[in-house]
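Subject: Structure handover

Hello,

Here is the structure we talked about, handed over for your own work. My notes on what was found in it come after the entry.

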Amino acid sequence: MPTANIEAARVAIVRCVERAEGVGIVSGAAGLGKSLLCEVLARELQARYQTVRLTCGRMNSRKALLQSILFSLRVPFRSLDESELRLALLEQVNLLAPASRGMLLVVDDAQAMHWRLFDELRMLASLVREGRPQFSLVLAGDTSLDERLTHARLTAFSQRIAARCYLAPLQRDETSSYIRAQLAASGVHSGAIFSETAVDAVYRVSEGTPRIINQVCDHALLLASLGGLRRLEAA
């Protein structure tokens, strides 16, 4: 069940990519759904773009970045130097079918990237064919990503950012809806298991972070099962 905040981010990023406006950025604290949003975006856009999703930005060289992209594309990359890797990637883009809109790179955990990699991505994003960029970029990371992008070294990259989306914790009513949706997906009516006071307790302890909501509810259900309880109260 997408929350209003996540759905707004999805719409903004898809619009940014399809209009070729520039780089899309998604940031937020841990556990708010950035990785899930990256997966949803990649799945939604893969019919129109050759999509590469890098699940970790912890790379410290341009060569490692190019190798990771080619590995995702299942293109041979061993024994190639940096220039050859770059040419292999460009050749892959040139081989795309005419109906394709180019390549979409979705990078998660982007705050961990070395600044040189932002520059490499900027250069890829600057490649244009027939008036349209050959590479579209979406980066996701924690709140430190925004701070990194203010660095003077990344001014040229930051100028290409067209959409900035910030994921926020769920509100109390969204937490309740989230729990109901998760249980409904399992064929269970949430009201029969979680009382409103139990939902309040989950919201207080999780502060609206979906990952923690999942953990708390899962553990509570396990303890309830072991204790023979059929309905959860706040206690």
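**The sheet**

Strands S3 and S6 pair in the parallel sense, with 5 bridges between them. Within that pairing, Leu105 stands opposite Leu137 in S6. Please keep in mind throughout that this is a predicted model.

The pair belongs to an open sheet of 5 strands, in the order S2-S3-S6-S1-S7, with parallel pairing. Strand S2 (50–54) and strand S7 (161–166) are at the edges with a single partner strand each, so one side of each has no neighbour in the sheet. From one strand to the next the twist averages 15 degrees.

S2 is joined to strand S3 (residues 103–107) by 5 bridges, and the two run parallel. Here Val52 has Leu105 in S3 as its bridge partner. Leu105 therefore appears in two pairings: with Val52 and with Leu137. Further along the sheet, S1 and S6 run parallel and are joined by 4 bridges; in this pairing Val26 stands opposite Ala140 in S6.

Where does S6 stand with respect to burial, largely enclosed or not? Of its 7 residues, 7 are buried, so the strand is largely enclosed by the rest of the structure. The cover is on both faces: Phe135, Leu137, Leu139 and Gly141 are buried on one side, and Ser136, Val138 and Ala140 are buried on the other. As background, side chains in a regular strand alternate between the two faces of the sheet.

**Helices on the sheet**

Helix H1 (residues 4–18) packs on the sheet and touches strand S1 (23–27), S3, strand S6 (135–141) and S7. The direction of H1 makes about 170 degrees with that of S7. Helix H5 (residues 115–125) lies across S3 and S6, and runs at about 150 degrees to S6. S3 and S6 are thus contacted by H1 and also have H5 lying across them.

**Salt bridges**

The count of salt bridges comes to 16. Two that share Arg62 are worth listing together.

- Arg62 and Asp119 meet through their side chains at 3.3 Å, N to O. This pair links distant parts of the chain, with Arg62 in helix H3 (residues 62–72) and Asp119 in helix H5, 57 residues apart.
- Arg62 and Glu120 meet in a salt bridge at 2.8 Å, N to O. Arg62 is in helix H3 and Glu120 in helix H5, so this pair ties together parts 58 residues apart in sequence.

How buried or exposed are the three residues? Arg62 has 18% relative accessibility and counts as buried, because the cut-off for buried is under 20%. Asp119, at a relative accessible area of 23%, is partly exposed. Glu120 counts as buried, at 1% relative accessibility.

These residues are part of a network of salt bridges that links Arg62, Glu82, Arg86, Asp119, Glu120 and Arg122.

Another salt bridge joins the side chains of Arg231 and Glu233, at 3.5 Å, N to O. Arg231 is partly exposed with a relative accessible area of 39%, and Glu233 is partly exposed at 44% relative accessibility.

**Two leucines**

Leu85 and Leu226 stand at opposite ends of the burial scale: buried for Leu85, exposed for Leu226.

Leu85 is in helix H4 (residues 82–94) and has a relative accessible area of 0%. What does Leu85 touch, leaving out residues up to four places away in sequence? The contacts are Lys63, Leu66, Gln67, Leu70, Phe77 and Leu80. The C-alpha atoms of Leu85 and Val75 are 9.9 Å apart, and the two residues are separated by 10 residues along the chain.

Leu226 is in helix H10 (residues 210–227). At 68% relative accessibility Leu226 counts as exposed, because exposed means over 50%. Together with Leu222 and Leu223, Leu226 makes a nonpolar surface patch of about 330 Å².

Regards

Technical notes. Residues numbered from 1 in each chain as written. Predicted model: local features only at pLDDT ≥ 70, side-chain atom pairs only at ≥ 80, totals over all residues. Heavy atoms only, no water. Pairing = 2+ DSSP bridges. Axes fitted to C-alpha atoms, helices over the stretch in contact; angles between N-to-C directions. Contact = heavy atoms within 4.5 Å. Patch = residues over 30% accessible without salt bridge, like charges linked within 9 Å, V, L, I, M, F, W, Y side chains within 5 Å. Areas by Shrake-Rupley, 256 points an atom, 1.4 Å probe, with all protein chains shown as cover. Salt bridge = Lys/Arg side-chain N within 4 Å of Asp/Glu carboxyl O. Buried < 20%, exposed > 50% of the residue type's maximum accessible area, 1.4 Å probe, protein only.
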